[in-house]
Number of protein chains: 2
Amino acid sequence: MYTLYSMQKSGNSYKVRLALAQLGIPYNCVEVDILQGQSRTPEFLAKNPNGQVPLLEVAPGRHLAESNAILWYVAGGTALAPEDRIERAEALQWMFFEQHSLEPNIGSAYFWLSLVKGGRDLQSHALEDWMENGYHALRVMESHLTKHDYFVDGRLTIADIALYAYTHVADQCDFDLRGFPAVRAWLDRIAADPGYVPMDWQPQMAAE
Amino acid sequence: MYTLYSMQKSGNSYKVRLALAQLGIPYNCVEVDILQGQSRTPEFLAKNPNGQVPLLEVAPGRHLAESNAILWYVAGGTALAPEDRIERAEALQWMFFEQHSLEPNIGSAYFWLSLVKGGRDLQSHALEDWMENGYHALRVMESHLTKHDYFVDGRLTIADIALYAYTHVADQCDFDLRGFPAVRAWLDRIAADPGYVPMDWQPQMAAE
């Protein structure tokens, strides 16, 4: 069984938990509180030298990092992962967009404004860039979603799961989504999927 | 034949040119000077709403963005793209690391310090973060390359090509690689590959 090192309030970790829930795959979930430095201990750095969650133990002692790479690993061969040549490339395009244009802006704003006490003051020099670049990313998504229900191939894939994680908390960190009706309809569409679980959902084995 | 929208001095664009050269795939190369605003024209934004190069026209009117997604598209099915389940995930892990931990720091420093006149003054508020985070990324790479010749499966793959692009210009933007002997040996290893072309190499058809 997989062991997933995850932080409950981390959007990047939530992506993997959401995909595993959609796929009905059981796993052991180990909470790593990065706010308490638990991703920077020697023990954790031996597993992931980059010191980040999520991290998936795919075999004893073998660990895979980077949320979107983990999505491809766990969803490969299922309906969530497009394997047709152009559709795979388009899913990857949106997932690299997510890590390059969305997560560093909306994800950073969410982390510092919603999770870290006093974060707004600590990061005041960066906030303007995050807001400007985050709104740019939302406009790119709105433009696509005005013409499509999902990001790739007209159906829910790991590209949607990757983009959903931080977009669905954007309104918790100063972003106003009222001007993005197609994005909001897409958020509702994903939350209405039968396999959906919210960010604060915990797998049963974690409570046992 | 592919049409690639590329900027000669862009590391992200160079990745695709290097992979296409390695694979011996001919293409039309259209130079887009982002410093002159050529990626923000209405014509270009109709092709890529995110306003970035590289961009690959994969079929008439169908465009693929994000350098690392383009690498998977052009190299899929060749020896450069690992398709085994865990090796594919590990290649993706390093490529997401590249876009999230390396390119935003070393790539931004390269862009503003090497390409934009007066960029050092314009970005003085961000430079310290780029240097700190860029060195962190280099340490993660050094740690891996101390034990491995390449990033995945002991051979040259698109993960190396992705990471090479900005690492090989790090010394042009204040980074000192003397403390990273394994990274330097890996840079030399890639440049010694028979299919290698340097960043300023131009495909013949562009000169015709």
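Start by selecting L56(A) and L64(A): L56(A) stands opposite L64(A), which lies in β4(A). You are looking at a predicted model, and this pair is a handy doorway into it.

**Stop 1: the sheet of chain A**

Widen the selection to strand β3 of chain A, residues 55-59. Four bridges join β3(A) to β4(A), and the two strands run antiparallel. Now add the rest of the sheet. It is an open sheet of four strands in chain A, in the order β2-β1-β3-β4, with mixed pairing. Colour β2 (27-31) and β4 of chain A, which stand at the edges. Each of these edge strands has a single partner strand, so one side of each has no neighbour in the sheet. Look along the sheet and you can follow its twist: neighbouring strands are turned by 25° against each other on average, direction ignored.

Next, show α1(A). This helix packs on the sheet, where it touches β1 (2-6), β2 and β3 of chain A. The direction of α1(A) makes about 145° with that of β1(A).

**Stop 2: the two domains of chain A**

Zoom out to the whole of chain A and give its domains two colours. Domain 1 covers 2-78 + 199-207, and domain 2 covers 85-191. Their centres, taken over C-alpha atoms, are separated by 20 Å.

Where do domain 1 and domain 2 of chain A touch? The contact takes twelve residues from domain 1 and 13 residues from domain 2. On the domain 1 side, α1 (11-23) and α3 of chain A each supply at least two residues. The largest share of that side comes from α1(A), with six residues. So keep α1(A) highlighted for a moment: this helix packs on the sheet, and it also contributes to the side of domain 1 that touches domain 2. By class, that side of domain 1 of chain A has seven nonpolar, three polar and two charged residues.

**Stop 3: where chain A meets chain B**

Bring chain B into view. The contact between the chains takes 27 residues from chain A and 27 residues from chain B. To find the chain A side, select β4 (62-65), α3 (67-75), α4 (85-115) and α6 (124-145) of chain A, each of which supplies at least two residues. Which element gives the most to this side? That is α4(A), with 13 residues. By class, the side of chain A that touches chain B has 14 nonpolar, nine polar and four charged residues.

Now try to see how the two chains are related. Chain A can be laid on chain B with an RMSD of 0.0 Å by a turn of 180° and a shift of 0.0 Å along the axis. That is the relation of a two-fold axis. The same surface serves both copies, as 100% of the contact residues of chain A recur in chain B. For a landmark, select H100(A): of the residues of chain A, H100(A) comes closest to the rotation axis, at 3.0 Å (C-alpha).

**Stop 4: the sheet of chain B**

Cross over to chain B and display its strands. They form an open sheet of four strands in the order β2-β1-β3-β4, with mixed pairing. At the edges stand β2 (27-31) and β4 (62-65) of chain B. The twist averages 25° from one strand to the next. Helix α1 (residues 11-23) of chain B lies across β1 (2-6), β2 and β3 of chain B, running at about 145° to β1(B).

Move in on β3 (residues 55-59) of chain B, which four bridges join to β4(B) in an antiparallel pair. Two facing pairs are worth selecting here: A59(B) stands opposite R62(B), and E57(B) stands opposite H63(B). The hairpin of β3(B) and β4(B) has two residues between the strands, and there G61(B) takes a positive phi near 80°.

**Last stop: T3(B)**

Finish by selecting T3(B), which is found in strand β1 of chain B. Is T3(B) buried, exposed or partly exposed? T3(B) is partly exposed, with 15 other C-beta atoms within 10 Å. Not counting residues up to four places away in sequence, T3(B) touches Y27(B), N28(B), V30(B) and E57(B). One of these, V30(B), is 27 residues from T3(B) along the chain, yet their C-alpha atoms are separated by 7.2 Å. Another, E57(B), is the residue you have just seen opposite H63(B).

Methods
Residues numbered from 1 in each chain as written. Chains lettered and ligands numbered in written order. Predicted model: local features only at pLDDT ≥ 70, side-chain atom pairs only at ≥ 80, totals over all residues. Contact = placed C-beta atoms within 7 Å. Nonpolar A, V, L, I, M, F, W, Y, C, P; charged D, E, K, R; others polar. Least-squares fit on C-alpha atoms with pLDDT ≥ 70 in both. Pairing = 2+ DSSP bridges. Axes fitted to C-alpha atoms, helices over the stretch in contact; angles between N-to-C directions. Domains from an automatic or database assignment. Buried ≥ 20, exposed ≤ 12 C-beta atoms within 10 Å, placed from the backbone.
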